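Open the structure in your viewer and keep the selection tool at hand. We will go from stop to stop, choosing a few residues at a time and looking at what is there.

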Amino acid sequence: MSASTESAPQKKSIRSRIQKFGSFLSSMIMPNIGAFIAWGLITALFIESGWLPNETLAALVDPMIIYLLPLLIGYTGGKIVHDVRGGVVGAVATIGVIAGADIPMFLGAMAMGPLGGIAIKGFDKLVEGKIRQGFEMLVNNFSAGIIGFFLAIFGLLAIGPIVEWLTNVLSEAVDFLVNTGLLPLTSIIIEPAKVLFLNNAINHGVLSPIAAEQVASAGKSILYLLEPNPGPGVGILLAFAIFGTGISKASAPGAMVIQFLGGIHEIYFPYVLSKPLTILAAIAGGMTGVFTFSLFNVGLTSVPSPGSIFPVLGLAAPGDTLGVLLGVVLSAAVSFIIASLILKFSSNEGETLEESTAKMESMKGKKSSAASALHSNADTAEAGTGAYLDKDVNKIVFACDAGMGSSAMGASVMKDKVKKAGLDISVTNTSISNIPDDADLIITHKDLTERARQKRPDAEHVSVENFLGSDKYDEVVEDLKQKKGVGEGSSAGTAAAKASVNKIIFACDAGMGSSAMGASVMKDKVKKAGLDISVSNTSISNIPDDADLIITHKDLTERARQKRPDAEHVSVENFLGSDKYDEVVEDLKTRE
């Protein structure tokens with residue numbers, strides 16, 4: 001008994017770590033999908049075998065894949081670790097692996113970008129509070145330059161050759177699978193991993209970098225079709241719509257539209273989890289699709305994100321549209337047949353979703369709004385008790401693996417409920433790796449809540465089974481209305497912001513010279529006053545969401561207000577010396 005109790009958290013932690021690592025890889029690719037699509041369209045149209053061959057315009061293809069895309073990845077990887085400074089050093093470090101290789105350095109960029117961010121972040125921590133006033137800009141610029149200098153050389157001489165060897169090994173492995181007809185077997189890994197929320201990590205973190213190199217040499221890649229294929233998911237949802245029961249049957253048609261046309265694959269994962277045997281349908285459908293794609297030798301020119309049928313067909317290589325469509329249709333048909341057999345002839349254990357909803361309604365003493373979506377059995381006992389809303393909530397964040405599809409839908413639903421309740425509360429969505437520090441309440445899928453807690457242990461957390469519709473949304477809103485009072489949202493939020501200042505930001509146009517000097521002066525005053533308040537500087541365009549008090553030159557205050565209208569603002573004539581600093585400090589001392 002005790003052994004099993006101890007092993008459960010361990011298994012959960014391992015899965016959480018895998019998800020976290022995979023999410024970090026994909027988070028370097030996801031923000032740059034637009035650039036990948038632009039390159040894919042240029043490639044599909046203008047190369048010699050493209051739709052509209054044009055030698056002049058085709059000259060864009062090589063510079064984009066060799067320099068632009070890896071540098072974007074490197075910058076993004078560094079920025080994730082240490083904001084803009086990390087991004088700049090990450091990009092400089094990435095040019096080292098680019099210069100020393102004969103192939104596009106996507107994997108090298110995914111290694112050097114974060115390494116650059118880690119290096120400059122470590123330096124900044126080392127010298128924090130030790131730089132003499134007036135020398136901040138000098139130290140910041142030269143430290144980034146010197147660290148980038150050494151990392152670029154390190155990437156050229158050491159990392160580049162290793163990554164080039166690894167890339168060639170992976171490419172040869174893919175070629176082996178294709179040539180031997182074994183590529184469909186990858187669905188045995190890909191389909192279950194998708195349901196465990198590793199879909200973005202697999203597609204954007206592993207397959208896309210290799211696929212981009214295949215497009216550069218062959219004009220298309222089948223790897224772009226392995227994970228985004230909407231066929232297996234729509235086949236399973238169709239089976240639930242016809243042979244499912246209760247909530248799953250009622251919600252499946254709407255989920256089909258979102259999954260197949262909208263490209264949000266996460267919508268069908270709860271259906272598979274509610275009836276685990278249907279994962280066999282997903283695997284069989286995936287294998288059928290890959291076999292068909294291989295048989296007709298079709299591929300895409302860029303990553304289809306989201307995995308909707310529209311980008312999947314729209315990015316098909318010239319002459320491959322029919323073969324791609326056939327693969328999607330056949331994979332949907334196979335997954336539908338197998339899922340239908342499982343639902344029709346298996347036991348009715350899957351109906352426990354509906355039964356749990358009935359039990360929850362009896363405990364709540366009112367009708368649930370769950371008629372259109374699945375629900376979570378976990379945490380049901382806590383629902384409606386207000387136990388997860390012990391603190392004041394001014395910002396709600398929906399977090400998923402990529403911070404785009406499913407969490408965006410959940411945030412949209414909650415925004416509408418919050419607005420109708422008359423609450424002045426911010427509702428937004430993001431990836432788990434980018435949850436902001438000022439998030440008060442974080443809503444995640446139950447399989448991702450552990451990672452969210454690790455990221456922000458001090459926030460409130462709510463787990464749901466389906467982002468699109470959960471009765472817990474109404475419970476959260478009711479709890480917030482009781483705590484704030486209907487109509488109090490705006491004034492309460494303003495009072496809270498004025499009552500407590502934890503972060504002061506000096507903002508100027510570039511975020512370096514003058515604002516750095518002002519921040520240095522204020523840091524000294526705050527420290528002497530014994531106040532535990534963070535003081536830093538940045539550009540107006542990068543003012544963080546958790547800034548409580550923003551100090552700007554009077555000519556820039558209007559722009560700062562537009563960027564952060566909910567924060568307090570102070571205008572000064574001169575950053576280096578202003579009598580307003582002492583007034584601010586005295587005011588902050590009274591608030592303490």
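Select Tyr268, which is buried, with a relative accessible area of 0%. Now add Phe269, also buried at 0%. This is a predicted model, so read every value on this tour as computed from it. How are the rings of Tyr268 and Phe269 arranged? Their centres are 5.0 Å apart and their planes lie at 75°, so the pair is edge-to-face.

The structure holds six aromatic pairs. For another of them, select Phe149 and Phe150: they are edge-to-face, with 4.9 Å from centre to centre and 70° between the planes. Their surroundings are worth a look too. Phe149 is partly exposed at 48% relative accessibility, while Phe150, at 54%, counts as exposed.

**On to the sheet**

Show the ribbon and select residues 503–508, which are strand 5, together with residues 549–553, which are strand 7. These two strands pair in the parallel sense over four bridges. To see one partnership, pick Ile505 and look across to Ile550, its bridge partner in strand 7.

Now widen the selection to the whole sheet. It is open, has four strands in the order 6-5-7-8, and its pairing is parallel. At the edges you will find strand 6 (534–539) and strand 8 (568–572), each pairing on one side only. Turn the view to follow the twist, which averages 25° from one strand to the next.

Next, add residues 579–591, which form helix 21. Which strands does helix 21 touch as it packs on the sheet? It touches strand 5, strand 7 and strand 8, and its direction makes about 155° with that of strand 8.

Stay on helix 21 and select Lys589 and Glu586. They form a salt bridge, with the closest N and O atoms 3.6 Å apart. The two residues are three apart in helix 21, so about one helical turn separates them. Lys589 is partly exposed at 41% relative accessibility, and Glu586 is partly exposed at 44%. For a salt-bridge network, select Lys395, Asp438 and Asp545, which are joined by bridges that share partners.

**A threonine to zoom in on**

Select Thr557, found in helix 20 (residues 557–563). Is Thr557 buried or exposed? At 5% relative accessibility, it counts as buried. Leaving out residues up to four places away in sequence, Thr557 touches Thr552, His569 and Ser571. With Thr552 there is also a polar contact between the side chains, at 2.9 Å.

Close by in the numbering, select Lys554 and Asp555. These form a salt bridge with their closest N and O atoms 3.4 Å apart. Lys554 is partly exposed at 42% relative accessibility, whereas Asp555 counts as exposed at 56%.

**Last stop: a link between helices**

The count of salt bridges comes to 15. To finish, select Lys417 and Asp474, whose side chains meet in a salt bridge of 2.9 Å, N to O. Where in the chain do Lys417 and Asp474 sit? Lys417 is in helix 15 (residues 405–420) and Asp474 is in helix 17 (residues 471–484), so this pair, 57 residues apart, links distant parts of the chain. Colour both by accessibility: Lys417 is partly exposed with a relative accessible area of 25%, and Asp474 is partly exposed at 26%.

How values were computed
Residues are numbered from 1 along each chain as its sequence is written. This is a predicted model: local features need pLDDT of at least 70, side-chain atom pairs count only at pLDDT 80 or more; totals for chains, interfaces and linings use all residues. Side-chain values use heavy atoms; hydrogens and water are left out. Two strands pair if DSSP finds at least two bridges between them. Axes are lines fitted to C-alpha atoms, for helices over the stretch in contact, and angles run from 0 to 180 degrees between N-to-C directions. Contact means heavy atoms within 4.5 Å. Buried means under 20% relative accessible area, exposed over 50%, partly exposed in between (1.4 Å probe, protein chains only). A polar contact is a pair of N or O atoms within 3.5 Å; within protein, one must be able to donate a hydrogen and the other to accept it, and residues adjacent in sequence count only if both atoms are side-chain atoms. A salt bridge is a side-chain nitrogen of Lys or Arg within 4 Å of a carboxyl oxygen of Asp or Glu. Rings of Phe, Tyr and Trp (its six-membered ring) pair if their centres lie within 6.5 Å; planes under 30 degrees apart count as stacked, over 60 as edge-to-face and the rest as tilted.
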